[in-house]
Amino acid sequence: VGCSNPATQIKTNSETGTSAPVSANLVRLGFSAWPGWFPWQVAQDQGIFAANKTPVDLKWFDGYLESISTLNTGQIDANSQTLGDTVSSIGGGTDLVVVLTNDNSTGNDKVIARPGINSVADLKGKKVAAEEGTVDHFLLLQGLKKAGLSAKDIQFVPLETGKAATAFVGGQVDAVAVFAPFTTQALKRGGSKELFSSKDFPGSISDHLVFTRKFVNEHGDLVQGLVNSWFATLDYIKANPDKAYEIMAKRAGVSIEEYKQYADGTSIFSVEQNLKAFPVGNNMASLPFAAKQMSQFLNEVGLVKTQPDLSKLFDDRFVKAYAEKAPKS
Amino acid sequence: MSQPDKPHSIQSLIKPRTMGSTVFWRLAEDIPRPLNLTLLITSLTLPLLIWWLITTFGKIDPKFLPSPGNVLEAGGRLWTSGDLLKDTVASLWRVGVGFSLAALLSIPVGVMMGSFPSIRALLEPLFGLIRYMPAPAFIPLLILYLGIGEEPKVTLIFIGVFFFNSLMVMDTVKFVPKDLIEATYMLGGNRREVLTQVILPHVLPGIIDACRINLAAAWQLVIVSELIAATEGLGRRISVAGRFLRTDEIFVGLIVIGTIGLTFDLMFQYLLQVTCNWSSQKR
Amino acid sequence: MSQPDKPHSIQSLIKPRTMGSTVFWRLAEDIPRPLNLTLLITSLTLPLLIWWLITTFGKIDPKFLPSPGNVLEAGGRLWTSGDLLKDTVASLWRVGVGFSLAALLSIPVGVMMGSFPSIRALLEPLFGLIRYMPAPAFIPLLILYLGIGEEPKVTLIFIGVFFFNSLMVMDTVKFVPKDLIEATYMLGGNRREVLTQVILPHVLPGIIDACRINLAAAWQLVIVSELIAATEGLGRRISVAGRFLRTDEIFVGLIVIGTIGLTFDLMFQYLLQVTCNWSSQKR
Amino acid sequence: MFLQIDNLCKNFNTKNGTLTVLKNINMAIAQGEFICAVGASGSGKSTLLRQIAGLDTPTIGEVRIEGQRVIAPGPDRGMVFQHYTLYPWMSVQDNAEFGLKLQGIPKKVRREQASYYLSVVGLSAFAKALPKELSGGMKQRVAIARALASEPKILLMDEPFGALDVHTKESMHEFMLDLWQRTNITIFMITHDVEEAVFLSNRIYALGSRPGTVRKEIQIKLPHRNATVKRHSIFHDYRDELMDLLRQHGQEAMLAAA
Amino acid sequence: MFLQIDNLCKNFNTKNGTLTVLKNINMAIAQGEFICAVGASGSGKSTLLRQIAGLDTPTIGEVRIEGQRVIAPGPDRGMVFQHYTLYPWMSVQDNAEFGLKLQGIPKKVRREQASYYLSVVGLSAFAKALPKELSGGMKQRVAIARALASEPKILLMDEPFGALDVHTKESMHEFMLDLWQRTNITIFMITHDVEEAVFLSNRIYALGSRPGTVRKEIQIKLPHRNATVKRHSIFHDYRDELMDLLRQHGQEAMLAAA
Ligand SMILES: Nc1ncnc2c1ncn2[C@@H]1O[C@H](COP(=O)(O)OP(=O)(O)OP(=O)(O)O)[C@@H](O)[C@H]1O
Ligand SMILES: Nc1ncnc2c1ncn2[C@@H]1O[C@H](COP(=O)(O)OP(=O)(O)OP(=O)(O)O)[C@@H](O)[C@H]1O
Ligand SMILES: [Mg+2]
Ligand SMILES: [Mg+2]
C-alpha cells in the first residue's frame, strides 16, 4: 500500500516462491514452523491453490505467536494454529471457526530432560521451561498429572519456545517442553533425552486451519477452495515425495534428512480422520471434548479468565463437502 | 577610507512593519504563569478527552481501542488482585538495578573518555560500534551465559544504557572551560585532582541530564528484558496482554510505565536544580 | 579596609610539587596524531584478538561463542546466498524510512517546542510521558491498525525516535542567544522569520547531534520491529538465529549493524563539520 | 523633538517582589544629536535602551519617536548590542544585508546597499569572511554596517566598544565621529567609559542607580574632536566631573546594597 | 634576577604552517617589581604569560624564576586569568581555599589563611556566597585572593580588569597598589589599557606584533600614585608615548595583514 521495501526486489538462493498477486477476493493465510503446516508451501510452489481457483496470499511467520495475533487482529483471514491457541484466542474475544484438522502431533511435541532425570517423577522441584499457555505447556501438565504430580511440584520457567530450547542447551533449566524443530535443537544438549511426547497423549495436540467467522460467512466458496487445496496437496505429496520434501525442508530451514525425522511425529489427517474428529465425544479424539479440556487448562493456569463459549467453534461443512465430491482414495 | 557614493535611497523601499503583540505565540520569552498552567493541564487532559470521545461515540471495538473506563476497570482489577503492584515492583527493581549499575560505571568511563584523548581514542570506536547493536540481539547469549534469573534481565538493561550513557557523558566534558583546568594546575593541582575536583563537579549537570535521557531508554527495554523467563513485571504483563489481545491491560501497563517515568524525570529535574544551583545557565 | 594580621606563614607548609610530563595521560589536551591513530586501531583490533584467543585456546562450544573464523564463514555463506544483502537492504530501508520520517517531523516540532513556551507547555508533559512507554508495547496495536506490511515496522521505529528526538531538539533551542533574536527583531524580522532564519540555522549543529544519537536508538529497534511478520531483515535474521542458536549468524548480524551504524555516525560527524564550520565551538 | 521620553518608569517582578529599575526618566533628544548615557553597572542603562528599541514596554510613561509611540522593535531604529550579535553562519556581506532582506528589498539593491555600508566601515575586503574570522572591532563594525544599511532614523548602541582594546577602540571612536558628521544620524549610545562619552557625544546623561534616574545632564562643548583634545583641560574637567559623579553614585549604591 | 626570560621564541604549528608568535623575548625582573606588558591584540601577550606560568613550553629559550627553570605550572606562581576562573560550584571561601587544599594544608590553617586574604580583598562578608552572586569586580578579587593564598613568589595577571566598568576598575587599581606596597610581591600584569599600565607599574614592556617582540621598555617614575596623578603631565607624557607606539604597531600590523 504505497509502502514497499526495495529488498523484495532482491533474489536469493533460499527463496521459496513469491506470494500470489493481491486481488480483492483472496484468502490471506498465515502459517509458521510446524511439520503439519509446511505442505502449504508445497501448495503454493506447485500452483495447487491456482488449480483449485482459490487465490491465496500465503504469509510465512517466523514467530508462531505473531501469526496468532495477526489473525486475532483480522489482518489475515486464516491461520494454521493449534487447538489450544485457538481456544485462548476465543477466550480473548476473537470469533474463530475451525474448518479443517491438518494433523495431530504424535511425538513432535516433546518434554526433554537433562541427564540424571529419568522419569517424570524426577521433575519434582526442577526447573522446566515452556512457552506459557501453549500446547507444550498443556502437554507438560498432562504428563505431570499422569505421574501424579501437579503444576506446583515443578519450577515453571515461562520462555518463548526458541529461547526455552536455548536455555536448556545452555544448561539453565533441567527440562523443556518444546515442539519440532526446536526439539532437535534441545536434544543437542549432551546426554539429554525425551521424557515423554505427544505420542503418549493422542489427540491432545491437534493443528487446524482456522478462519475468522466473518470470512467464513462472507466467502464460503474460498474456504471450500482452501480445504480442497489442502487435500489436493496431500495427494501431491504422496505422488511426488522427493520434490515435496525438498520444498518443505527448505522452508523449515533444516536438511531433508532431518525433516524426514519429523514426519513420524506428525500424523497428517486424512479426510476420514477429519470427519471422525469433528463430532462431539467423550475422549481426546473428539475435537469438542479436547477443546473443553484445553479451555479448562487455560483457566486453571490463569491465562483465560472465563471459560469461553465453544459451541460454534467447529464447522465441518467444508470437510464434508470435500468428502462427498472427492473420489474415494 | 575613500567611499563610493551611497547607491540607493532605501527608505522609500521599506514598508513600515509593526509586530503585533501576542501572548500565545511569544518566542523565547516567558508566558504568563496561568496560561502556562492551563496549557500544561490541557496537554494531559485533551488527549484523554479525545480518547474518551472516540471510544464513546466512535463505536470502536474495545479490543482495538479500549475506553478510558475499560482501562480504569482493568487497572482496578489488577490492583485489587495485587498483580499490578507486584509487576511494578519487579520492573522498577530491574530497571533500577540495571540502570544504576550502568550509570555508576558509565559516568567514570565517560568522564575519563572526555578528559583523556588517549582513552577516548581507545574506547570511542568500539563503543560507537556496540552502541548500534540492538540490545535484544544479546538475549540468547545472555541466557546462555547468565541463565534465566534476574541477571540476564538486568544485564540487558545495563547493555542498553551503558554505551549510550558513556558517549553522552563524554560529550559533556568538552564544555569544561580550559581556563578552569589551567587555573587548577596553577594552584598546584595534578591531573587526578583536576579530574576529580574540577572536571567531575563541572560536568555534573550534564551527567544528570544524560542519565535522565537514558533512564527513558532503560524503560524502553523493560518489555524485551522480561521476555527472559519473567513471571512478573510490567513488561511481561504487556507482552502477555498483547498475546491475548487484552488491550486494556496493555494500556494499564503503558500508563503505569509512563507515570513512573515522568515521576523520575521530574525527580531528575529537581535534582538538577538542587545540585546545580551554582550553574547560571537555566536548564 | 582594616585587616587582621596574616595568620600563618604558609610557605613552610607547602611541599614543592612538580607535575611530571606525560603523553598518554594528557588531560583535555591533544595527543600526537600517531599515538591517536595507534590507539584507534588498537581499539578495534584488541577485542578481536582477545576474541580469537578465547575461542582458539579456550575450548568453548562454538554454539556459545563462535570463533572469528566461524563468523566469517557464516558471513560468507549468507553473502553468497544473497540473504545477507537482502536482509541488509530490508533493514536499512525500514530504519531509513522510519528514522527519516521521525526526524523530519520531530525537528520542526522540537524547534517549535523550544521556541514557543506555549507549545512547549502544551506538548512537553505528553511527550515526556510517551517517551517512557516501551515501543515494543505498541506492536499489538500497530498490527491492529496498520497490518503486517512495512507500515507497522516503520511506524514502530518512528515512535521510538520521534518523541526522544523532539525533546532533544527542543533542548538545543535554549542555547540560541537571546541577543541574536532581539537583533533580528530590530532589523525588522517578525516571529516567523526569527524562527526560520535565525533559530533554525543556529540550532542546526544541535539538531544533527540529536539525530546522530537517535539514529543509534532507531537501530536498537530493528529486531523488535522485524518481529512483525518480517520475511527478511537483519533483525529478523538475528532473532531467527537466536531461536535456533546459530550464534555465528547472530554475530554476523550484529557486526553488519554495528558497521552500518558507525558508517552513518561518521557521516553525521562529517556533515556536522561541513555544515557547521561557522561554529567556533569544536564538536 | 525627535526622541521624547516622558516620565518613564520600569518595574520588574522578581522573586523578592517588584524591583524598580527606572524611575521618572525624562529625555528630549533632537534630530542629529550624539547622546551618551553613562552610569554605574546596574543603573538601568540597558533597560532604558530596550524601552527605546521597543524590545520591552515601560511600566509607566512612554517613548516617542517623531511623535509616534514606540510599541515594538522595528528597523527604523538601528541597534548595536554590547556583545557581538552577528549571525555566525552568514558571511559578513550576508550579515550586512540581512535587515534589508527581511524587509523584502530586491537582491540587487540590497547587495549594493550593504556593500556601500561595508565600505563605510572599511570592511569591503572582508565581505566573504565568516564572523569567527574577524577580530572584535571588526565584528562591531559589521554590526554597525548592518544597522546602518536599513537607514534607521536613530542608532542605538549598548556599550558597543566595551570589549575592544585601546587601539581598536580609538579607531572606532574616530570612525563614529566621522560617520556621525557625514550622515547626520541621531545616535544614542550607552557606555561606562567616561572618556569615551566625553570624546564622542554632544550631550551626556548621567544615570544614578537603584532606581535608575537621570542625575545630571551635561552639554559637551569641545574645541575640536581629535586625539589631542584628550589633553585639553576642558576635556579633563568634563571627565572629572562625570567621574566624581559616578564614584559618588557607586558609593551610594554600595551603601544601599549593604 | 628574580625572573629571567632568555631569548624566548614560541612557534605554533597551524594548518598554514608554522606561526611565530613570540621572537627573542628577553626580560629581567627583580623581586618586588610591578611590571606591565602592553601590546595590541594578537601581539602574544597571553602566550608570553603562559610560558612564564609553565602552562606551555617555549620553542626556544627559557624562563627562570630564582634561577630555576620553569617547566610546569605550580603554586609558586599565582595566576589571575582574564575571564573569571572561579569554580562556580564552590562558595567564595572554598574558592579561596582551594589552592591550599590541593597542597594538603590542614583544614584549620587553610581556612584562616583564606579568610585573611578574603579580608585583604575586602570580601569577608561574601565568604558564603556563590560566584554567580558576585559582580565582575568582586569575582576578580576572589581570584586574586585565591592566587595570593598560596603566597606565590610572583603574581601573573592576564588583563584582569578588562571587563570591569570604570568605577570598579579604579577601585581595583587602588586595591592593587595597596596590596603591592604592603606585601612587596612581584607582579607581572598584562593589559591593553595604557593608562592602567602607567598608573600601576614601575616598568612597562611594550610588545609589537607579528611576531611579538619587546619594542620598548619604559621605566615609570610618577611623583605619587593616586587618582590625581592622571592629570599630571608626566602621566600624560608616558601615556601618549605608549599610545603612539601602540598606534604605530597597530598600523604596521594592519599593513602586514593586508
Ligand atoms: N528582565 C529582568 N528581570 C528582573 N530584573 C532585571 C531584568 N533586566 C534587568 N534587571 C535588573 O535591572 C537592573 C538594571 O539592569 P541593566 O542591565 O539595565 O543595567 P546596566 O546599567 O545596563 O548595567 P551594565 O552596565 O552592567 O550593563 C539590574 O539590577 C538588573 O538585575
Ligand atoms: N594554541 C595556539 N595555536 C595557534 N595559534 C595560537 C595559539 N595560541 C595563540 N595563537 C596565536 O598567537 C597570536 C597571539 O595570541 P595571544 O593570545 O598571545 O595574543 P594577545 O596579545 O594575548 O591578544 P589579546 O590582547 O587579544 O588577548 C595570535 O595570532 C593567536 O592566533
Ligand atoms: Mg547593560
Ligand atoms: Mg590575551
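Start where chains B and C meet: 16 residue pairs are in polar contact across that interface, both partners at pLDDT 80 or more. This is a predicted model, and its overall scores are ipTM 0.85 and pTM 0.86. Of the eight pairs of chains that touch, B and C share the most contacts. Below you'll find that pairing, then the one between A and B, then a few words on confidence.

**Chains B and C: who touches whom**

- On one side 89 residues of chain B take part, and they are in contact with 90 residues of chain C.
- Put the two chains together and about 7,700 Å² gets buried, with carbon and sulfur atoms giving 69% of that area.
- What sort of residues make up the side of chain B that touches chain C? They split into 56 nonpolar, 19 polar and 14 charged.
- Salt bridges are part of the picture too, with a count of two between chain B and chain C.
- Take C:Arg131 and B:Asp265, which form a salt bridge with their closest N and O atoms 3.3 Å apart.

**Chains B and C: how they're related**

- As a bit of background, two copies of a chain are related by a rotation about an axis and a shift along it.
- Here, chain B lands on chain C after a rotation of 180 degrees with 0.0 Å of shift along the axis, and the RMSD is 0.1 Å.
- That's the relation of a two-fold axis.
- Both copies use the same surface, as 100% of the contact residues of chain B recur in chain C.

**Chains A and B**

- Now for the pairing of A with B, where 22 residues of chain A are in contact with 21 residues of chain B.
- In chain A, the residues that lose the most area to chain B are A:Lys163, A:Gln172 and A:Leu303, which together account for 27% of what that side buries.
- Between them, chain A and chain B bury about 1,800 Å², and 62% of it is on carbon and sulfur atoms.
- How many salt bridges does the rule find across the interface of chain A and chain B? It finds one.
- That bridge joins the side chains of A:Glu132 and B:Arg236, at 2.8 Å from N to O.
- Polar contacts link four residue pairs across the interface of chain A and chain B, with both residues at pLDDT 80 or more.
- Which parts of chain A each supply at least two residues to the side that touches chain B? They are helix H3 (64–72), strand E7 (155–158) and helix H6 (161–169).
- Helix H6 of chain A gives the most to that side, with three residues.
- Sorted by type, the residues of the side of chain A that touches chain B come out as seven nonpolar, 10 polar and five charged.

**Chains that stay apart from A**

- Chain A and chain D do not touch, and their nearest C-alpha atoms are 38 Å apart.
- Chain A doesn't touch chain E either, with 45 Å between their nearest C-alpha atoms.

**Salt bridges over the whole structure**

- Count over all chains and you get 72 salt bridges.
- In general, side chains of opposite charge can pair when their charged atoms come close.
- One case inside a single chain is B:Asp209 with B:Arg212, whose closest N and O atoms are 3.5 Å apart.
- B:Asp209 and B:Arg212 are separated by about one helical turn, because they sit three residues apart in helix H8 (residues 191–220) of chain B.

**How sure the predictor is**

- Chain A has an average pLDDT of 85, and 94% of its residues score at least 70.
- One stretch of chain A to treat separately is residues 16–23, where pLDDT stays under 50 and the model has 12 contacts beyond four places in sequence.
- For chain B the mean pLDDT is 86, with 91% of residues reaching 70 or more.
- Where in chain B is confidence lowest, and where is it highest? The low end is helix H10 (residues 234–243), at a mean of 86, and the high end is helix H3 (residues 83–115), at 94.
- Chain D averages 85, and 96% of its residues score at least 70.

How values were computed:
Residues numbered from 1 in each chain as written. Chains lettered and ligands numbered in written order. Heavy atoms only, no water. Contact = heavy atoms within 4.5 Å. Buried area = accessible area lost by both parts, 1.4 Å probe. Salt bridge = Lys/Arg side-chain N within 4 Å of Asp/Glu carboxyl O. Polar contact = N/O pair within 3.5 Å; in protein donor to acceptor, adjacent residues only side chain to side chain. Helix = DSSP H or I, 4+ residues; strand = E, 2+ residues; numbered from the N terminus. Nonpolar A, V, L, I, M, F, W, Y, C, P; charged D, E, K, R; others polar. Least-squares fit on C-alpha atoms with pLDDT ≥ 70 in both. pLDDT = per-residue confidence, 0-100.
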